[in-house]
Amino acid sequence: MFEPAVATQRVETDPSIDGKKRRILTLSKCVVSAALICWILGDTSLGEVFTAVRSANIPLLLLAISLDSVGCFLTACRWRRLLKAQGVDASMQFVLKSCMVGVFFNNILPSTIGGDAIRAYDCWRLGLSKACAVAVVFVDRFLGLVALMLFVLYALVAFNQLMANLPLPYVWVLLGAAGMFVVVWTIFTPSQQISALIGNIGLPLSQKLQNVLNKIVNGFLAFRGRKDALATALGLSLILQLNVVLQYYLIAKALGFPISLHVFFLIIPLAIFTMMIPVSINAIGIRENVLAFFFAMFGVSKSEAIAFAWLLYGIAIFWGSLGGIVYVFRR
């Protein structure tokens with residue numbers, strides 16, 4: 001039941017105040033997106049951007065668009081495997097529809113986690129507890145991030161040209177390898193002791209970090225004893241992120257960018273991590289600026305980079321629209 005507000009510090013639980021905070025946050029994100037778009041377009045000709053878009057190789061662009069369907073299928077397979085590890089045998093049709101609807105909500109909500117909320121709700125509809133539903137979706141998302149980090153580490157180790165552009169390159173590789181070891185160990189051997197150890201961290205300003213780390217550990221605790229499911233899901237994550245890199249590469253080739261495939265294994269994960277920072281509306285503005293920054297290193301003009309970013313976002317809107325149709329007709 002709703003309890004009457006009292007004249008104490010509990011005023012922050014007032015729904016109207018929470019709603020006001022959300023509106024202010026959304027407005028702030030809109031301002032950031034607008035400012036970043038104005039910044040990137042300040043010395044760029046829109047005519048050159050549209051010329052670059054019109055010059056795109058259509059067959060390569062269509063192939064890049066089709067890879068989103070592959071990505072949706074791989075995401076559904078990974079999520080279905082994690083659900084099965086929790087005793088839920090969901091149909092492929094159900095998880096595919098949920099993934100499509102998730103893409104739709106990612107595009108219409110001022111956040112990239114709207115789709116995760118939908119999938120967590122669908123996990124609950126399948127019979128999981130709320131905590132377990134959130135854990136399944138969290139583990140699903142986190143394994144995708146792990147795959148991206150592995151790609152970055154691979155790119156740094158495999159390509160000397162990339163290493164040459166970094167200060168103290170082997171230090172970064174060792175730190176990255178150590179970090180990945182800790183992450184993978186936490187995934188496959190989660191324990192209450194790790195959670196307790198995190199709780200005892202006494203570093204200044206570490207409370208938020210502790211909360212994040214505890215969510216990671218607690219999420220994987222739900223899969224304790226199911227290393228087979230986690231290994232399969234991680235393998236699917238690697239294939240899924242490879243599909244993402246290939247899609248970006250095909251769009252770049254459609255626009256005629258003189259960039260080798262191996263470079264994308266480094267710059268695309270870094271770009272995706274940057275676009276996940278929740279300071280704008282669906283990464284609008286951040287997407288254009290971060291891609292322009294990375295592509296400029298390889299002789300790509302700002303207008304061409306913006307054309308790439310807008311084609312990428314256009315593809316996302318296209319698949320989001322299909323997800324909206326699925327949402328309207330699904331039961």
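## The nonpolar core

In this predicted model, the largest nonpolar core takes in 78 residues, and L83, Y248, I251, F295 and F308 have the most contacts inside it. The biggest contribution to this core comes from helix α6 (residues 130-158), which puts in 14 residues.

Take I251 from that list of well-connected residues. Skipping anything up to four places away in sequence, I251 touches L61, A64, F308, L311, L312 and I315.

## Where α11 meets α14

Two packed helices are described by the angle between their axes and the distance between the axes. For helix α11 (residues 227-254) and helix α14 (residues 302-329), the angle is about 130° and the axes are 10 Å apart. An angle from 115 up to 145 degrees counts as oblique, so α11 is oblique to α14. Their crossing is right-handed.

Who does the touching? On the α11 side it's Q247, Y248, I251 and A252, and α14 answers with F308, L311, L312 and I315.

## Helix α4 and N107

Helix α4 covers residues 92-108, 17 residues in total. From first C-alpha to last it reaches 25 Å, close to the 24 Å expected at 1.5 Å a residue. Its buried residues include F94, V95, M100, V101, F104 and F105, along with N107.

Is N107 buried or exposed? N107 has a relative accessible area of 17%, so it is buried. Beyond its neighbours within four places in sequence, N107 is in contact with N282, Y313, A316, I317 and G320. There's also a long-range pairing to look at: the C-alpha atoms of N107 and I281 are separated by 9.4 Å, with the two residues 174 apart along the chain.

Terms used: Residues numbered from 1 in each chain as written. Predicted model: local features only at pLDDT ≥ 70, side-chain atom pairs only at ≥ 80, totals over all residues. Heavy atoms only, no water. Helix = DSSP H or I, 4+ residues; strand = E, 2+ residues; numbered from the N terminus. Expected span 1.5 Å × (residues − 1). Buried < 20%, exposed > 50% of the residue type's maximum accessible area, 1.4 Å probe, protein only. Contact = heavy atoms within 4.5 Å. Core = buried A, V, L, I, M, F, W, Y, C linked by side-chain atoms within 4.5 Å. Axes fitted to C-alpha atoms, helices over the stretch in contact; angles between N-to-C directions. Parallel < 35°, antiparallel > 145°, perpendicular 65-115°, else oblique. Left-handed = near helix turned anticlockwise from the far one by under 90°.
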